[in-house]
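Reader: Could you pick one spot in this model and take me through it closely, then carry on outwards from there? I'd like the side-chain details.

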Amino acid sequence: MSSAHAKPPLRSLQVFEAAARLGNFTAAGEELGITQSGVSRQVSDLEATLGVALFLRKGARLSVTPAGDRLARQLAKTFAQTWSAVADVKRSDQVVTLSMLPSVATRWFAPRLADFQAANPDIDLRITASRHLVDFTSEGIDAAIRYSPAPTGDLEAFKLGTETITPVCSAGYAQQHRLNTPDDLYRATLLCGDLPEDWVSWFEAAGCMQPPPSGPRLGDDGAILQAAVDGQGVALGRSRLVADDVALGRLIAPFPVSLDASHAYWFVRPKDTSATRAIHAMREWLAHQFDEQN
């Protein structure tokens with residue numbers, strides 16, 4: 001029994017829209033994965049529910065009635081908006097906006113970007129490099145690589161790895177200034193940054209009797225290491241950030257003395273948000289990269 005107040009099932013509306021658009025019950029069935037008779041039954045049930053003829057049937061010929069045409073046009077718009085919304089949700093599940101220090105972005109992450117893309121071709125990765133602690137909500141950040149002591153606050157934190165600190169310079173600079181023992185650094189230009197492990201700490205660990213000479217201070221590790229690569233002096237290099245430069249011969253570590261870093265690398269994200277598949281993939285990839293560097 002039909003009723004003007006009955007709500008037709010969504011499936012019957014979808015079947016009708018496909019049949020009206022394709023002009024054929026068989027084609028509609030093939031698109032939706034049901035039989036031609038299944039399409040016919042769904043359309044008949046919809047007509048009974050609405051109390052309106054949606055198709056005119058003349059033998060094998062099928063045409064949409066004016067009422068059916070109006071309904072089909074509206075349904076086409078509605079379904080298009082629905083599928084667009086579904087696609088947006090799927091895309092958002094594949095987007096990761098990751099924050100990190102500029103030095104980490106340029107000296108560590110950038111050389112590994114192609115590896116990440118090859119392993120995760122469906123993830124839309126967006127990197128934001130910043131020296132301040134980002135506000136995840138207001139800045140639209142999904143996760144971050146932080147170089148710090150153990151993170152506090154409402155953050156889910158996963159420890160990626162630690163590192164050591166040791167002097168690095170170009171091979172040409174070491175040769176030019178005859179850097180054979182730590183005491184030879186007294187006649188070198190020491191590039192200074194803002195690491196907790198500073199030149200005073202390293203000179204003490206190396207057994208030097210006098211404090212280190214003063215040198216130019218650069219605020220960013222990336223700039224300090226680039227200056228060292230360019231032969232401008234000796235920098236205290238974080239082992240994670242200088243590994244690629246050392247492997248390629250752009251930098252050398254002239255002395256075996258190193259300091260254990262008081263900071264570590266952490267993958268952090270807000271506790272009050274759900275982690276998407278893409279965020280899980282990012283964390284696993286980062287953990288693998290850090291493990292490989294050990």
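Author: Let's start with Thr 166, whose side chain reaches the backbone oxygen of Val 257 at 2.9 Å. That's a polar contact, meaning a pair of N or O atoms within 3.5 Å; inside protein, one atom must be able to donate a hydrogen and the other to accept it, and residues adjacent in sequence count only if both atoms are side-chain atoms. Before going further: this is a predicted model, with local features needing pLDDT of at least 70 and side-chain atom pairs pLDDT 80 or more, while totals for chains, interfaces and linings use all residues. Residues are numbered from 1 along each chain as its sequence is written, and side-chain values use heavy atoms, leaving out hydrogens and water.

Back to the threonine. Thr 166 sits in strand S7, residues 164–168 (strands are DSSP E runs of at least two residues, helices are H or I runs of at least four, and both are numbered from the N terminus). Its relative accessible area is 13%, so Thr 166 counts as buried; the cut-offs are under 20% for buried, over 50% for exposed and partly exposed in between, using a 1.4 Å probe and protein chains only. What does Thr 166 touch, leaving aside neighbours within four places in sequence? Its contacts (heavy atoms within 4.5 Å) are Ala 235, Leu 236, Gly 237, Ala 253, Phe 255, Val 257 and Ser 258. Val 257, then, turns up both in this list and as the partner of the polar contact.

Now for helix H2. The buried residues of H2 are Phe 25, Ala 28, Gly 29 and Leu 32. Looking down the axis of H2, you'd see them fall within an arc of 100°, so they line one face of the helix; the arc is taken from the directions between the helix axis and the C-beta atoms. In general, an α-helix has 3.6 residues a turn, so residues three or four places apart point the same way. The buried face of H2 packs against helix H1 (10–22), H3, S1 and strand S2 (61–64). At the start of H2, a side-chain oxygen of Asn 24 comes to within 2.7 Å of the backbone nitrogen of Thr 26. After H2 comes Gly 33, with a positive phi near 75°.

H3, one of those packing partners, covers residues 36–50 and includes Gln 42. Gln 42 is partly exposed, at 24% relative accessibility. Setting aside residues up to four places away in sequence, Gln 42 touches Arg 11, Ser 12 and Val 15.

On to the rings. The whole structure has 14 aromatic pairs; rings of Phe, Tyr and Trp (its six-membered ring) pair if their centres lie within 6.5 Å, with planes under 30 degrees apart called stacked, over 60 edge-to-face and the rest tilted. One of these brings us back to H2: Phe 25 and Phe 55 are edge-to-face, 5.5 Å centre to centre with 85° between the planes. This pair links distant parts of the chain, with Phe 25 in H2 (residues 25–32) and Phe 55 in strand S1 (residues 55–58), 30 residues apart. Phe 25 is buried at 8% relative accessible area, and Phe 55 is buried at 3%. Phe 116 and Trp 285 also pair up: their ring centres are 5.1 Å apart and their planes at 80°, so this one is edge-to-face. Here, too, distant parts of the chain are linked, Phe 116 lying in helix H6 (residues 113–119) and Trp 285 in helix H11 (residues 277–293), 169 residues apart. Both Phe 116 and Trp 285 are buried.

Those two belong to a cluster joined by ring pairs: Trp 108, Phe 109, Phe 116, Tyr 147, Tyr 265, Trp 285 and Phe 290. Tyr 147 has a charge over its face as well, with Arg 238 at 3.7 Å from the ring centre; this requires NZ of Lys or CZ of Arg within 6 Å of the ring centre and within 35 degrees of the ring normal. Elsewhere, the charged end of Arg 283 sits over the ring of Phe 158, 4.6 Å from its centre.

One last arginine: Arg 178 has a positive phi of about 50° although it isn't a glycine. Arg 178 lies in the loop between helix H7 (171–176) and strand S8 (190–191), and is exposed at 52% relative accessible area.
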